[in-house]
Amino acid sequence: MKYFILFFIGFVTCSAQNSIFDDLKEAPVNGGLQMEDYWVWGSSVIKGEAGKYHMYASRWPKFLPFHPGWMIASEIVHAVSSTPEGPYEFKDLALGDRGTQFWDGKSCHNPKIVKYKETYILYYMGTTHPFEDVTQENVSAFDLSSKWCIAARWKKRIGIATSKSLNGPWKRLDAPILDVKPNSYYSFLTSNPSPLVKEDGTVVLLFKGRSYKEDGVTHSDMSIGVATAPSYDGKYTVIGDDPLFSMERFGEIEDPHLWSDNDGYHMIAKDQRGLITGGKGDGLVAHSKNGIDWVIDENPKAYTKLVKWDHGKTIKQGQLERPFVFVEKGKPTHIFFATMDGPGGFSNGSKTWNMVIPLKN
């Protein structure tokens with residue numbers, strides 16, 4: 001099956017106004033999730049029983065550098081709030097270290113929670129490495145070029161865990177659901193899953209891939225592809241030989257998030273280099289009728305790093321990533337982000353948290 005992605009040429013769900021950008025309200029200063037002594041990143045929220053809102057997010061200890069600490073020590077936590085805005089309170093550890101022998105044994109990251117019938121499915125990226133743990137005693141030897149990161153980056157894959165309760169326990173698989181493929185745009189790794197489970201149980205999955213370059217050692221920039229499956233626990237098949245987005249196709253993006261409503265399917269993502277929105281790191285929106293053939297919005301910019309907070313200040317965030325659109329009763333009501341203080345750049349921030357911006361309509 002072939003798929004395509006084009007700039008706006010009359011697609012029915014696009015309009016002259018970008019509804020997300022125009023509908024951003026003030027962000028609550030005390031919303032979202034923060035955790036002392038941890039870097040916190042990338043959240044996904046679902047409404048559970050008794051009207052409670054359940055967030056799944058990544059965390060790793062702050063004695064590690066933010067990047068690439070997540071690559072070797074991230075775990076997925078579960079937090080709860082009585083409102084979508086929060087603040088969310090830590091409840092339990094959903095997925096953590098389970099040992100080197102498992103494909104996801106040393107790091108679980110980038111969670112996305114969905115439900116199909118009576119089963120909750122937690123999509124995530126997992127990886128492992130065959131070395132001693134990084135501690136405060138040996139952390140000086142840890143960086144992106146260290147043995148830990150070389151192994152863990154190469155082993156990044158997408159998997160799922162399932163449970164009948166948002167409180168767990170979570171059953172993890174012994175193998176990833178989306179592996180790499182030689183001579184493809186995802187020959188090096190698969191990561192950053194964004195699933196949508198349809199009413200009939202079939203799945204559309206957006207994902208990030210990187211490929212090996214011709215030298216067989218270094219890897220490419222990021223590409224975004226799409227896979228489908230007959231069920232969440234079925235076989236996932238990547239559609240087409242070319243990615244939806246790459247440096248060669250429209251521009252490099254990251255962190256796609258997929259949702260649907262009565263108008264079709266929608267994607268929000270970070271424009272890594274600003275080649276689509278004109279702003280490096282700004283958000284973009286695209287639309288689809290089937291989750292496979294995509295059209296970029298006529299006015300693609302969904303958000304910028306400039307955030308207006310409910311204490312009256314407008315602040316340019318150091319980082320604003322992992323957008324997650326929360327939908328309730330068929331309508332998008334909030335966007336969650338992973339964010340960082342500082343002037344920008346992963347090494348220049350002292351604090352990260354998961355924030356939320358309510359939408360007007």
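How much area does the protein expose, and what share of it do carbon and sulfur atoms supply? About 15500 Å² is exposed, and carbon and sulfur supply 50% of it. Accessible areas come from the Shrake-Rupley method with a 1.4 Å probe; for residues, only the protein chains shown count as cover.

Before selecting anything, note that this is a predicted model: local features need pLDDT of at least 70, side-chain atom pairs count only at pLDDT 80 or more, and totals for chains, interfaces and linings use all residues. Residues are numbered from 1 along each chain as its sequence is written, and side-chain values use heavy atoms, with hydrogens and water left out.

**Stop 1: the whole chain**

Switch to cartoon. The protein has three helices and 22 strands. These are DSSP runs numbered from the N terminus: helices are H or I with at least four residues, strands are E with at least two. The C-alpha trace spans about 55 × 50 × 45 Å along its principal axes. The radius of gyration is 19 Å, which agrees with the value near 21 Å for a compact globule of 361 residues. That radius is taken over C-alpha atoms, and the globule rule is 2.2 Å times the number of residues to the power 0.38.

**Stop 2: burial and contacts**

Colour by accessibility. Of the 361 residues, 59% count as buried, meaning under 20% relative accessible area. Now show contacts (heavy atoms within 4.5 Å). Among those with a separation of 6 or more, 56% join residues 24 or more positions apart.

**Stop 3: aromatic rings**

Select Phe, Tyr and Trp. Rings pair if their centres lie within 6.5 Å, using the six-membered ring of Trp; planes under 30 degrees apart count as stacked, over 60 as edge-to-face and the rest as tilted. The count comes to 18 aromatic pairs.

Zoom to Trp39 and Phe66. This pair is edge-to-face, at 5.4 Å centre to centre and 80 degrees between the planes. Trp39 lies in strand β2 (residues 38-47) and Phe66 in helix α2 (residues 66-73), so the pair ties together parts 27 residues apart in sequence. Trp39 is buried at 7% relative accessible area; Phe66 is buried at 5%.

Next, select Tyr186 and Phe207. Their ring centres are 5.6 Å apart and their planes at 85 degrees, so this pair is edge-to-face. Tyr186 sits in the loop between β9 (171-172) and β10 (189-197), and Phe207 in strand β11 (residues 203-210), so parts 21 residues apart in sequence are tied together. Both residues are buried.

Finish with Trp39, Trp41, Trp60, Phe66 and Phe346, which form one aromatic cluster.

Conventions:
Buried means under 20% relative accessible area, exposed over 50%, partly exposed in between (1.4 Å probe, protein chains only).
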